[in-house]
Amino acid sequence: MMRWYSRRFSRTVCLWLAFISVTLHLLLVALSPFVYQSSCKPPTSRQTHPYTLRALAYTNDTSTGSDSHASHANQAKMPPDARKVDPSKMDTTRHHKITKMDATKMSTEIGNGPSSPVNMGDRIGRSGSMGSGLSKLDALFSHPLYDVPTLPIPEEDWLMRIKPKVTSGRSTQMWVSDPEIDYDPAHWNSTSDSQPPWLRFHLGISRRQLYPHRDPNMPSLIQQLSKHRIVSAVQKSGGTQLKLVMSFPNYGQAMLKPMKQERDEESNFNLYYFSDFERHNAEIAAFHLDRVLGYRRIPPAVGRLVDVVKEIKDITTDHRLAKTFFTSPVGNVCFYGQCSYYCSTEHAVCGRPHELEASLAVMLPDPSLAKRHSWRSPWRRSYSRSKVAAWETDSQYCDTVKKTAPYDKGTRLVDLIDLTILDFLMGNMDRHHYETFEKFGNNTFLLHLDNGRAFGRHSKDEPSILAPLEQCCRIRRSTLSRLRLLSLPQYRLSDVMRESLSHDPLFSVAPLLSEPHLLALDRRLNVVLQTVRDCQRSSHERGSQTTDPVSDATTCLVQSRHTEMLCDV
């Protein structure tokens, strides 16, 4: 009897175990498709959509930030149905708004209250170029504060356009030149492929800038300046020091400034700013710094080794210049031209024995085609050995300037402060005038021309250059955001400048700026940021109703980047 009960109990247990086993197998079979799908599902288009790429570019720079700042990055989300969007038909306007929102919120975080470069590193992130695989310069130019989507430019905002036809019946879409000695026959039409680089540069100038951020014409333009055959060399009239106008076979022209002293040689401390040498490497470095700051208001300039005999003396038609050539006692070919300063045998420019270092900057359109207006700077120095200017003794001088046209409206004042910051970083005290294109009236950028007296001293800063910023306490928000970005380790100004200058042809001879000059850029950048913090602190101390030196100065610029030149401050 006991054996029968034992067998029955064993059979019952076996049946239950079999039932449980079958049930578990059925559950596994039922759940296996879902488990497989979730573990091996390929990424959707959402992860590679341009909206998300833009958000990721911003998130990578804010991943280690505070919770409040991270929440801003999380708000830069793409549309819910993004996976169904065709990137080729993406709404560029909406893309612009999303990018603008990211950059604006970032700049708002950067612009609020005092902060140090160390704090900014914590708030914006430490990923830098090391993690992304990009160089610091490439990472900087890929940042949302620089790589802003471009919108169509209205016809009236172009400096020069090709007319489709004329009343005489002859089309101006085609230039045909008569064969001339040393010049190439010109057969250019309205297609950019047929136009030489210098003409594409002229046709690319707009109300906003001299050239776009990602300019496809820049490599060929640099190649022309540094390599093309020179067919003519004449001295440029006007100015205080020797400059030459060089012409190329395709009718392009460039301004040449010769090497007069070694790169490491500092300016004599006993010299007045208006008596200092102009430096060829300063013109080149100024172009690179202007581009790194995101201004794009200096014409492209490159270094070049010029043969004094073959490329100047033998081809010049300038009789005044031709009379000044001579051979030095050691066999170097020299010349000195005719000008107000340093044009004598004691200050001659000499080759080694024929090779001469020089900077070549592409010429702007002829004034007969695009007139320029010259403006006297309100903070112009006295250019006297015994007198000082009004702004040097009146701390409230900016109040008068802000009531005077064209500084009483528009962005002219913050444009001038942009130029002030550039000059302070370079140590340039010689900014007595600036220019604009007449076609655009007062609503346009300032041309940052004639920078030869920059980078003269690295051991001493000149705080008086910052007088407009200190007295007015106004700065464009986008400028401040980029300056703070350049103070971070992953975008350090000296590093990106060193890399940018290494692409110049003269870098094979020697670096364009010595290390002390590059380190001085970082030091001076901190001075600019400290000046802004002082302005913000004094503004807060005077009361909440006082104008914010950052936000109020550029509210319209943040709201509409593509029309920033048309906004009122």
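The unreviewed UniProt entry places the feature "binding site" at Gln241, Lys257, Glu278, Ala361, Val362, Met363, Leu364, Glu435 and Asp450, and the model in which these positions can be followed is a predicted one. Two of these positions, Gln241 and Leu364, are taken up in turn below.

Gln241 sits in the loop that runs between strand 3 (232–235) and strand 4 (244–247). Its relative accessible area is 2%, and because buried means under 20%, Gln241 counts as buried. Leaving aside residues up to four places away in sequence, Gln241 touches Lys260, Asp276, Phe277, Glu278, Cys339, Tyr341, Tyr342 and Arg453; one of these, Glu278, is itself among the positions that UniProt lists for the binding site.

Leu364 is likewise found in a loop, here the one between strand 10 (355–362) and strand 11 (372–376). With a relative accessible area of 13%, Leu364 is also buried. Again not counting residues up to four places away in sequence, the contacts of Leu364 are with Phe201, His202, Ile205, Leu210, Pro299, Arg372, Phe437, Leu447 and Leu449.

From the annotated positions the reader may turn to helix 14, which covers residues 412–426. At 1.5 Å a residue, its 15 residues should span 21 Å, and the C-alpha atoms at its two ends are indeed 21 Å apart, so the expected span and the modelled one agree. Because 15 of the 15 residues of helix 14 are buried, this helix is largely enclosed by the rest of the structure. Helix 14 is followed by Gly427, a residue whose phi is positive, near 75 degrees.

Conventions: Residues are numbered from 1 along each chain as its sequence is written. This is a predicted model: local features need pLDDT of at least 70, side-chain atom pairs count only at pLDDT 80 or more; totals for chains, interfaces and linings use all residues. Side-chain values use heavy atoms; hydrogens and water are left out. UniProt positions are given in the numbering used here, feature names are shortened, and annotations may be inferred rather than shown by experiment. Helices (H or I, at least four residues) and strands (E, at least two) are DSSP runs, numbered from the N terminus. Buried means under 20% relative accessible area, exposed over 50%, partly exposed in between (1.4 Å probe, protein chains only). Contact means heavy atoms within 4.5 Å. The expected span of a helix is 1.5 Å times one less than its number of residues.
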